[in-house]
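Me: I want to learn how to read helices and sheets in a model. Can we go through some features one by one?

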Amino acid sequence: MALPLLPGFSRRRNIGGENFHRSQICGYSNNVRRLFEDKPGIGGEPLPGQTLKIASSVHPEASGSGPPSWIAFDKQVLCFDAYFEEEVPEKHQELYRIRHCKIYFFLEDDTIQVTEPVVKDSGINQGTILRRGLVPLPPPNEDQFYTMYDFNINTEITLYGRKYKIIDCDLYTKNFLRKIGIRLNPPASRPDDPYTTERQKRYLESTNPFHPYERFDTLKQFLEFDGQVLGFSCVWNDPESKLPDSRELVLRYYLSDDTIDIREILPPNSGRDVVPFFLKRDKLPKNAPTAPYHPGTITNYTLLNVLAKPGRNKGYYIRDVLQTGAVRQEFYKDSDLKIGAVINVWGRQILLCDCDEFTKEHYRKKYGIVDFTPIEYKTPPPPKPEKIIPPYNGFGSEEDSLNSCKGVVIQTPHKDYRQFLVKDRYGMDSFILRYAAKLITDIAVDKDRKFIISYFLSDDTISVFEYAERNSGIAGGKFLERSRIKKPGQELFKSEPSEYYQAQDLFVGARLCFHGHNFLLVDADEYTFNYMEKNANEFPMADICAVFNKLKSMTESRGKEIRKAFAVTDPEHTNVIGYDTFRNWIVRVAAGGFSEHEIMTLGRHYGIRDNSQTDLLLLLSMAQEKLKKNAFENFEQLITVFLYNDREKCGLLPNETCRTIFKSFKLPLADDLLETLLARFEDNQKQVDYKKFVHAVNWRENQVRAFVEEKEQPKREDIWNQLPRSPPVTGIRYPPLLDDLFGKEE
């Protein structure tokens, strides 16, 4: 027994619902007032015994998604193949036409579009038959629109009074309709238009000749060999020429149409007229020249006159299938051309002497020819007379005098601009090697003179600067103008070019002679040592591997003796000896076989560097002051960019990457200051700890007090203006050196 529908005796059927509106049953349809009885009940719930009609294309509720249809079905279209019959009452040749079309159903808004493929010369307006839009159902349901549930294969639909028969659809449409629960019908056959079929039949009959001609297919050869040309070098001995030399020709055979053209290669000052072609491109007959043929003799077809009556112009002609009276000409083919063959070019006998690589490959693949020995047809050129260069006359430079002998028009000596661009000053790299030097002389006054020798790598020039000392009686300054310097001991007036000092000739301990002044290089700056060590393949004195192998070959049999000597030198067992002690030991062991620069290379490799560098706090205070004046506060963005470039998240980045990031932020710091700070925060692998660096220069959170450390002013005589200082090595760690020389001691 069911409970009455009274308050308190019925449970709520829409528990959890939020929509309780009542549907409006009064409205308008086609501007006519009417009552809609198929509206749902309260909250959109169907009334008892009511079935709601589907109004739009949506997924089934059990597996559907939340987005609306114009998002869920964006750019998704159902495509159907269909046709419709059109009556033709004006013509008796056809009573109706079958017109094929495509029906597109757009799922996003349930619109329909019908298009017909354009047929050439059909005489019918084709293209879009029905523009895209909502299409109502046929009466009596004209108040509703087509949905995707109204489409299926092998069914008919009516669009604005015209019936379309759907015969098939594409694969996507089939899969979609199956997913929404529609059982697809089998595809229907596609009927043909009877009038179109009849027209095609008539056209084929009209184009079919009564007497079919023989077809010459040259298109296949053209498509297969277009652009492929065989090239031969050939020679023609002209019997009528009074000159003994032969004429050089180039023959080209075109595989696309079996034609040949020939060009002549004229030597300079030959006296012959320059013509475009020796033989224009055409098929070359083998037996030319021959007697001229009458017009119509050479044709592709031969006609026979049969049943002709005299006195009349009319007759009956048939084609001679056997071609009994045909005149055939033989033309040169690619099979007739080979090295050593003599071909007839309109009465001129031409010898084929050589061919190019493409031609060789063609004959190798097609005919199996492997012998392509060329025929020598050119007389060897006479040897060029030796050009005698006169000796240098002393006017100008040697290069200028040499260019005046090479031609009538004197040209400027060629300079190595590549070397200039690569080794010109760029940023912190000056590409200038600077050495400290002194004079080698017996004059007491000149022994204490100090010089700076600068070698410019960009153009291999040398300049010498002398330091001015007080009360010495010698005015310092520029001692030698920047120029290239010849090595001593060379003859002045000679034909061979002179030898100049190169970068490899300058090293610590080298003796140089500049225009009669003998110099001894006693020291170099830090940049020079670093540059020579980085380019050790150019500077053998700075190659640690070569120097070490040289020392090892001298001391490999004296391991125990040398270990005892170092142990005696270091009584406190600090494993460190002084640089002077190390140098004296090398000089004693090598017995003069090591230069001063090689000893310094070993000392720099195994030595302890001097830490007397610019104070870090002073550098940071200068950097923070500069950032503060320019109101730079993008430190958080800097950290973000650094973290983005740090793919391994190790907190370290290369020096070059850090410089690039700082340049992108336009960090208002000088290049030398930025380079020095980055060097203080990098490790042995040239990796910079960017977090510490940004924290150190952040003047907002880590402000460094600006101060200047007062140091004792050096004495005047200890200052060597612009002179390089000695290598910053205070001691030598000898255990690693001994282990490398003799192996680890057991």
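Me: Which exposed residues does the face of helix 16 turned away from its buried side carry?

Reply: This is a predicted model. Exposed means over 50% relative accessible area, buried under 20%. On that face of helix 16 sit E656, T660 and S664.

Me: Which residues of helix 16 are buried?

Reply: Helix 16 covers residues 655-664, and its buried residues are N655, C658, I661 and F662.

Me: Why are they on the same side of helix 16?

Reply: Look at the arc around the axis. These residues lie on the same side because their arc is only 125 degrees.

Me: What do the buried residues of helix 16 pack against?

Reply: Look for contacts with other elements. Here the partners are helix 15 (635-645), strand 25 (652-654), helix 17 (671-680), strand 26 (687-689) and helix 18 (690-697). After helix 16 comes K666, with a positive phi near 55 degrees.

Me: Now the sheet. What is the order of the 6 strands in the open sheet?

Reply: Read across the pairings. The order is 20-19-18-17-22-21, and the pairing is antiparallel. At the edges are strand 20 (477-483) and strand 21 (511-514), each paired on one side only. On average, neighbouring strands are turned by 30 degrees against each other, direction ignored.

Me: How many bridges join strand 17 and strand 18?

Reply: Strand 17 (residues 432-439) and strand 18 (residues 450-456) pair over 7 bridges, in the antiparallel sense. R434 stands opposite S454 of strand 18.

Me: Which strands does helix 9 touch as it packs on the sheet?

Reply: Helix 9 (residues 526-534) touches strand 17 and strand 22 (517-524). Its direction makes about 120 degrees with that of strand 17.

Methods: Residues numbered from 1 in each chain as written. Predicted model: local features only at pLDDT ≥ 70, side-chain atom pairs only at ≥ 80, totals over all residues. Heavy atoms only, no water. Buried < 20%, exposed > 50% of the residue type's maximum accessible area, 1.4 Å probe, protein only. Helix = DSSP H or I, 4+ residues; strand = E, 2+ residues; numbered from the N terminus. Arc of directions from axis to C-beta. Contact = heavy atoms within 4.5 Å. Pairing = 2+ DSSP bridges. Axes fitted to C-alpha atoms, helices over the stretch in contact; angles between N-to-C directions.
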